[in-house]
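Biologist: I'm new to this one, so could you walk me through it? I'd like to ask simple questions and hear how you get to each answer.

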Amino acid sequence: MTDLAGLSFVVLDDIGAWKDVIGKEIEDAHFMCQDERDAMDEITRYSSFPYFTTNVTAADPSYHPVPANNWVERSIKGSKAELTIYVTVKRQRQTQVQPLVDRLKAAWAKLPTTPTTGGTNVLK
């Protein structure tokens, strides 16, 4: 990702662990964090700042991707792009919670691995 070093990016503030990933992967980058999705949409629609999305972003019904006029999609791949999610419940509640975990796994597997290129996800 050396070709992205030193650039300024627009990013939603509430992206959890992904903020650390992009911060570590793109040297000397500047991130303009946005609290509101509407503000993010306006900035990306009318500016040339690069921005980040995830497979979950693309599944959000309120997400409206900016037309890819001259944008190039870049993916962060491999172990750096994997995030382990844990569910912790009391043993007495495991059978009660398991159907929800199974539905989450099934829904997660249907999300594309990137906003536009597709693929599969694994939620263990």
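Modeller: Below we go through the chain by question and answer, and keep in mind that this is a predicted model.

Biologist: Let's start with the layout. In what order do the elements of the chain run from the N terminus on?

Modeller: The chain's secondary structure comes to four helices and two strands. Reading from the N terminus, the order of these elements is β-α-β-α-α-α.

Biologist: What share of the 124 residues in the chain is buried?

Modeller: The surface first: the chain exposes about 9200 Å², and carbon and sulfur atoms supply 52% of that. To count as buried, a residue needs a relative accessible area under 20%. Of the 124 residues, the buried share is 18%.

Biologist: Take Gln-34, then. Is Gln-34 buried or exposed?

Modeller: Gln-34 sits in strand 2. Away from its sequence neighbours up to four places off, Gln-34 touches Val-10, Val-11, Leu-12, Asp-13, Ala-39, Met-40 and Ile-43. Its relative accessibility is 17%, and the cut-off for buried is under 20%. So Gln-34 counts as buried.

Biologist: And Asp-35, is that residue buried or exposed?

Modeller: Asp-35 is in the loop between strand 2 (30-34) and helix 2 (37-46). Its relative accessible area is 70%, and anything over 50% is called exposed. Therefore Asp-35 is exposed.

Biologist: Which residues form a negative surface patch?

Modeller: Asp-35, the exposed loop residue we just discussed, is one of the members. The full set in this negative patch is Asp-14, Asp-35, Glu-36 and Asp-38.

Biologist: Now for charge pairs. Which residue does Asp-13 meet in a salt bridge?

Modeller: Side chains of opposite charge can pair when their charged atoms come close. Asp-13 is partly exposed at 31% relative accessibility, and its partner is partly exposed at 30%. The N to O distance in this salt bridge is 2.5 Å, inside the 4 Å limit. The partner of Asp-13 is Lys-19.

Biologist: How many salt bridges are there by this rule?

Modeller: Besides the pair of Asp-13 and Lys-19, Arg-45 forms a salt bridge with Glu-42, their closest N and O atoms being 3.1 Å apart. Both Arg-45 and Glu-42 lie in helix 2, three residues apart, or about one turn of the helix. Arg-45 is partly exposed at 37%, and Glu-42 is partly exposed at 42%. The count by this rule is two.

Biologist: What is the phi of Asp-28, roughly?

Modeller: Most residues other than glycine have a negative phi. Asp-28, though not a glycine, has a positive one. Asp-28 lies in the loop between helix 1 (18-25) and strand 2 and is exposed, with a relative accessible area of 55%. Its phi is about 55°.

Biologist: What separation do the C-alpha atoms of Ala-29 and Leu-7 have?

Modeller: Ala-29 is in the loop between helix 1 and strand 2, and with a relative accessible area of 17% it is buried. Leaving out neighbours within four places in sequence, Ala-29 is in contact with Gly-6, Leu-7 and Phe-9. Ala-29 and Leu-7 are 22 residues apart along the chain. Their C-alpha atoms are separated by 5.1 Å.

How values were computed. Residues numbered from 1 in each chain as written. Predicted model: local features only at pLDDT ≥ 70, side-chain atom pairs only at ≥ 80, totals over all residues. Heavy atoms only, no water. Patch = residues over 30% accessible without salt bridge, like charges linked within 9 Å, V, L, I, M, F, W, Y side chains within 5 Å. Areas by Shrake-Rupley, 256 points an atom, 1.4 Å probe, with all protein chains shown as cover. Salt bridge = Lys/Arg side-chain N within 4 Å of Asp/Glu carboxyl O. Lys, Arg positive; Asp, Glu negative; His and termini not counted. Charge placed at Lys NZ, Arg CZ, Asp CG, Glu CD. Buried < 20%, exposed > 50% of the residue type's maximum accessible area, 1.4 Å probe, protein only. Contact = heavy atoms within 4.5 Å.
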